[in-house]
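Please open the model in a viewer and keep a selection panel at hand. The tour below proceeds by selections, each followed by a description of what is found there.

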Amino acid sequence: MTARIVGNDYRSLTPPELGAWTPSLRVSVVIPAYGDQDKLDLALAGLAGQSYPAELTEVIVVDNGSEPPLRLPELRPPGTRLVTCPVPGRAHARNAGLREAGGDVIHWLDSDVVLDRRSVEAHMRWHHAAPYLVVTGYLRFTPAALPAPEVVAAADDLAKLFEPAEPHAWLVDLIERTDGLTDNPGRAFSLHVGGATSVNAALLAQAGPMDTDLILGQDTEMGYRLAQAGAVFVPEPLARAFHLGPTMRMRGKAPIDRVSHAFVADRIPAYRWLRSHPNRNWKVPYLEVVVEAGRDRGPGYDEVRATVDAVLAGTVPDVAVTIVGPWDDVRAEGRAPLRNPDLDLVLIRGHYAHEPRVRTASGARGAAPYRLRLPAGWVPGEDSLARLLDLAGDGGYGLVSVLLAEGPGREVVAARLERTAAFARAAIVLREDEDLDDAVEDTFGTFWVDGQTYGFTAEARPLTGRRSAYRARAEAEAEVARLTKEVERLRGQVLRWREESGRWRKSAVELRREVGALRKELAAARKVVQYGLLSSVKRVITRRR
């Protein structure tokens, strides 16, 4: 029975202890190389002393057009062979090695990386626990002088040869911030780095080979496709390795990102910050909406158009629509088109023939991270799809079902927002006679919502055109500007009131001082009057005596 992992929480697996188990899977170590024969010699010397059985290991070195050509040194694993790939580029070289590989697991390795002697075993014990894992070791970057291959092969601890060294800082930071990629695993695919990563071969076949159209970022883009194929990404600290010298990214991150982002933005929808343009079309959409069209009593042109137009007018611009139908069998009728039994299909195909976000096909695309299966005739509100995506993303759900209607016989009409990775994972772990949705519930979770609450209706509604949206935004911006100006005016008024109140306070203080002085003068006058009156009384009394 295939082990089930929830999300990316690989901690539910218990891999065997190093040296205390019997492996059975074959591993193919693929090493693309261009020049640097001395570093390749050290990489092969590190592989020669691995604890994983040599009879279960093959090593494929791909010479990517080196001058002079590379050679295999004497100190190497017994199952090592050299192939050539004259087409320049690491992706081409890796694909050439992949075509030669016969292992159950593919272990990517750069030609300037030396593995600890237990590294391959540390990788492979995970692959024996589940068949859909991507395992990455911990690289350290060393500036040390290159030792002899014999020294590397004999070393029990490579740290004595290559420390002090720097860690793979961004990778360590990613792992620490996400509790080992188990918390908020949306970026877990970034763990797929070609320097020291192993992938189940069947999973890799499902995802496809390296993208040779990319200049940089091939590892990350493949990691994204592996995630959509159902992969779980595992960081393995016991799989230690040393990179001989700094990486290209360590020598200059900004120019590397500039080149990489220009290409991966088209292919990795998860990088939302690279898709800020409101009206761009992308090679791989973030959301694919699947709408079915049919013959006879199936959904016709009017129902399909109401649904598709509402999807395209929504607040999710990064969307593509697939209209599924019997398109290969649509009949053309030149003489009496209005009597064509396939007229509605002809209208649908003709209406969207030149809309790049809509295609007519027999099945879904399968590359987008989310797919919404929406019955024709049901119309989402302007923000309905965005709200559903937020719900699925925040909750990590593999399936969000939207209840649209319930018939008298309790038949249910529903839309389904499916996470591609969840359904791919479910297909891998599916048991005999088990419903696929149940497997999705076990691995990612499912959730039901009410369609009316999320703005779905069975009637077409007027669409807000771009001009109307622009005018509404312009009016809103003008109102904001007016209110901002009014706020500034009121602030000025408040400032004047504060200044005036300050003057009043100052005047009040001066008045209090004057009143105090007058009180003192009055008191003094009273004393004088009292003293004079008393003296007069005394004189009168004295005279009478």
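**Stop 1: two cis prolines**

Select Pro164, which is found in the loop between helix H5 (159–162) and strand S7 (166–167). The model is a predicted one. The peptide bond that leads from Glu163 into Pro164 is cis, with omega near 0 degrees.

Next, select Glu67 and Pro68. These residues are also joined by a cis peptide bond, and omega is about 0 degrees. Pro68 belongs to the loop between strand S2 (57–63) and strand S3 (80–84).

**Stop 2: helix H6 and the loop after it**

Move to helix H6 (169–177) and colour its residues by accessibility. Leu171, Leu174 and Ile175 are the buried residues of H6. Around the axis they cover an arc of only 95 degrees, which puts them on the same side of H6. The face turned away from that buried side carries the exposed residues Ala169, Glu176 and Arg177.

Now select Asp179, in the loop between H6 and strand S8 (196–200). Its phi is near 50 degrees, a positive value in a residue other than glycine. Asp179 is partly exposed, with a relative accessible area of 45%.

Leu181 should be selected next; its place is in the loop between H6 and S8. Leu181 is not a glycine, yet its phi is positive, at about 75 degrees. Is Leu181 buried or exposed? With a relative accessible area of 1%, Leu181 is buried, because the cut-off for that class is under 20%.

**Stop 3: helix H10**

Select residues 253–264, which form helix H10. At 1.5 Å a residue, its twelve residues should span 16 Å, and the end C-alpha atoms are 16 Å apart, which agrees. Ile256, Asp257, Ser260 and Val264 are buried in H10. Viewed down the axis of H10, these buried residues fall within an arc of 95 degrees, so they line one face of the helix. Rotate to the other side of H10, where Ala254, Arg258 and Ala262 are exposed.

**Stop 4: the enclosed cavity**

How many cavities of 30 Å³ or more are there? The count comes to one. This largest cavity holds about 60 Å³ of space. To display its lining, select Ala45, Gly46, Gly49, Leu115, Asp116, Arg117, Val152, Ala153, Ala155, Asp156, Asp157 and Leu158. The elements that give two or more residues to this lining are helix H1 (37–48) and helix H4 (149–154). By class, the lining of the largest cavity consists of six nonpolar, two polar and four charged residues.

**Stop 5: the second largest pocket**

Turn to the second largest pocket, which has a volume of about 1000 Å³. It is lined by 37 residues, and those closest to its centre are Pro185, Gly186, Tyr370, Gly393 and Arg419; selecting these five provides a convenient starting view.

Then add the helices that contribute to the wall. Helix H8 (218–228), helix H13 (384–395) and helix H14 (420–429) each supply at least two residues of the lining of this pocket. Which element gives the most to the lining of the second largest pocket? H13 does, with six residues. Sorted by class, the lining of the second largest pocket comprises 18 nonpolar, eleven polar and eight charged residues.

**Stop 6: a buried glutamate and an exposed arginine**

Select Glu288 in strand S10 (residues 287–292). Glu288 is buried, and its relative accessible area is 0%. Show the side chain of Thr322 as well: a polar contact of 2.6 Å joins the side chains of Glu288 and Thr322.

For the final selection, go to Arg339, in the loop between strand S11 (319–324) and helix H12 (343–351). Whereas Glu288 is buried, Arg339 is exposed, with a relative accessible area of 71%. Draw a distance line from the C-alpha of Arg339 to that of Ala227: the two residues are 48 Å apart in space and 112 residues apart in sequence.

How values were computed. Residues are numbered from 1 along each chain as its sequence is written. This is a predicted model: local features need pLDDT of at least 70, side-chain atom pairs count only at pLDDT 80 or more; totals for chains, interfaces and linings use all residues. Side-chain values use heavy atoms; hydrogens and water are left out. Helices (H or I, at least four residues) and strands (E, at least two) are DSSP runs, numbered from the N terminus. Buried means under 20% relative accessible area, exposed over 50%, partly exposed in between (1.4 Å probe, protein chains only). A polar contact is a pair of N or O atoms within 3.5 Å; within protein, one must be able to donate a hydrogen and the other to accept it, and residues adjacent in sequence count only if both atoms are side-chain atoms. On a 1 Å grid over the protein atoms alone, a cavity is a set of points where a 1.4 Å probe fits but cannot get out, and a pocket is an open set with protein on both sides within 12 Å along at least five of seven lines; lining residues have an atom within 4 Å of a point. Grid points are joined across faces, edges and corners, and a volume is the space filled by probe spheres set on the points. Ala, Val, Leu, Ile, Met, Phe, Trp, Tyr, Cys and Pro count as nonpolar, Asp, Glu, Lys and Arg as charged, and the others, Gly among them, as polar. The expected span of a helix is 1.5 Å times one less than its number of residues. The arc is that of the directions from the helix axis to the C-beta atoms.
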